[in-house]
Amino acid sequence: MKYTNSIEIALPREKVVQLLADPTHLPKWLRGMVLHEPVNGTHGQVGTTSRVVMQSGKSTMELTETITRRDPADLHGIPTDVVVHFDRETVGAGMWSAVRDRLTEAGPETTLWVSDSEFRFSSLPMKLVGLLMPGAFRKQSQQHMQDFKAFAEQGRDVREADG
């Protein structure tokens, strides 16, 4: 299953990519984030593998995330015509996914974030979820992007909204 989501953020691209790349901000906009810790490497750097624990209601899911692309590596002084890429692969029980994010300048104070997602399922329960509820994956991805936008533009923390 493949799909694309996008959103415009009313901030300069350099500020957006620095917020996205900072691991301390993840729980503020990524609903259900319990833990995101590098197992090897440095957070956000290519080749780094991290243990990720997500919670939704009473169910908890543990995943392994690997950063496959971060271009440019230095997120300061990025030329306006350069597209910023953040790519990662995630593996969990019965599933594999890849997310390829592209951030471009839509204007001097506006960033366009386009995210391509791909999911593959190897277990019967996950295959059924993917078959019966494909829209749920796209909807959740769009929610994460909207939550990031609210965090970046207004400082809104999803943990406070949930409480």
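This is a short chat about the sheet, a hairpin and a surface patch in a predicted model.

Me: Hi! Let's start with the sheet. How many strands form it, and in what order?
Reply: Happy to help. Seven strands make up an open sheet, and the order is S1-S7-S6-S5-S4-S3-S2. The pairing is antiparallel.

Me: Which strands sit at the edges?
Reply: Those are strand S1, residues 2–9, and strand S2, residues 33–40. Each of the two pairs on one side only.

Me: And what does the twist average?
Reply: From one strand to the next, the twist averages 25 degrees.

Me: Which helix packs on the sheet, and what does that helix touch?
Reply: Helix H1, made of residues 13–21, packs there. H1 touches S1, S4 (59–71), S5, S6 and S7 (110–121). The direction of H1 makes about 155 degrees with that of S6.

Me: Let's go to S5. How many bridges join S5 to S6?
Reply: Nine bridges join strand S5 (residues 84–92) to strand S6 (residues 95–107), and the two run antiparallel. On the other pairing, S4 and S5 come together over eight bridges, also in the antiparallel sense.

Me: What are the bridge partners of His-85?
Reply: In S6, His-85 has Arg-102 as its bridge partner. His-85 is also the partner in S5 of Asp-71.

Me: And which residue in S6 partners Val-91?
Reply: That one is Trp-96.

Me: What does the turn between S5 and S6 look like?
Reply: The two strands form a hairpin with two residues between them. Gly-94 in that turn has a positive phi of about 75 degrees.

Me: Now another glycine. Where is Gly-77, and is Gly-77 buried or exposed?
Reply: Gly-77 is in the loop between S4 and S5. Gly-77 counts as exposed because its relative accessibility is 60%, and the cut-off for exposed is over 50%.

Me: How many Å separate the C-alpha atoms of Gly-77 and Gly-92?
Reply: They are separated by 36 Å, with the two glycines 15 residues apart along the chain.

Me: Changing topic: which residues make the nonpolar surface patch?
Reply: Leu-124, Leu-128, Val-129, Leu-131, Leu-132 and Met-133 make the patch, which covers about 620 Å².

Me: Where does Met-133 lie?
Reply: Met-133 is in the loop between helix H3 (124–132) and helix H4 (134–154).

Me: Why does Met-133 count as partly exposed?
Reply: Because its relative accessible area is 46%, and partly exposed runs between the 20% limit for buried and the 50% limit for exposed.

Key:
Residues numbered from 1 in each chain as written. Predicted model: local features only at pLDDT ≥ 70, side-chain atom pairs only at ≥ 80, totals over all residues. Heavy atoms only, no water. Patch = residues over 30% accessible without salt bridge, like charges linked within 9 Å, V, L, I, M, F, W, Y side chains within 5 Å. Areas by Shrake-Rupley, 256 points an atom, 1.4 Å probe, with all protein chains shown as cover. Salt bridge = Lys/Arg side-chain N within 4 Å of Asp/Glu carboxyl O. Helix = DSSP H or I, 4+ residues; strand = E, 2+ residues; numbered from the N terminus. Buried < 20%, exposed > 50% of the residue type's maximum accessible area, 1.4 Å probe, protein only. Pairing = 2+ DSSP bridges. Axes fitted to C-alpha atoms, helices over the stretch in contact; angles between N-to-C directions. Contact = heavy atoms within 4.5 Å.
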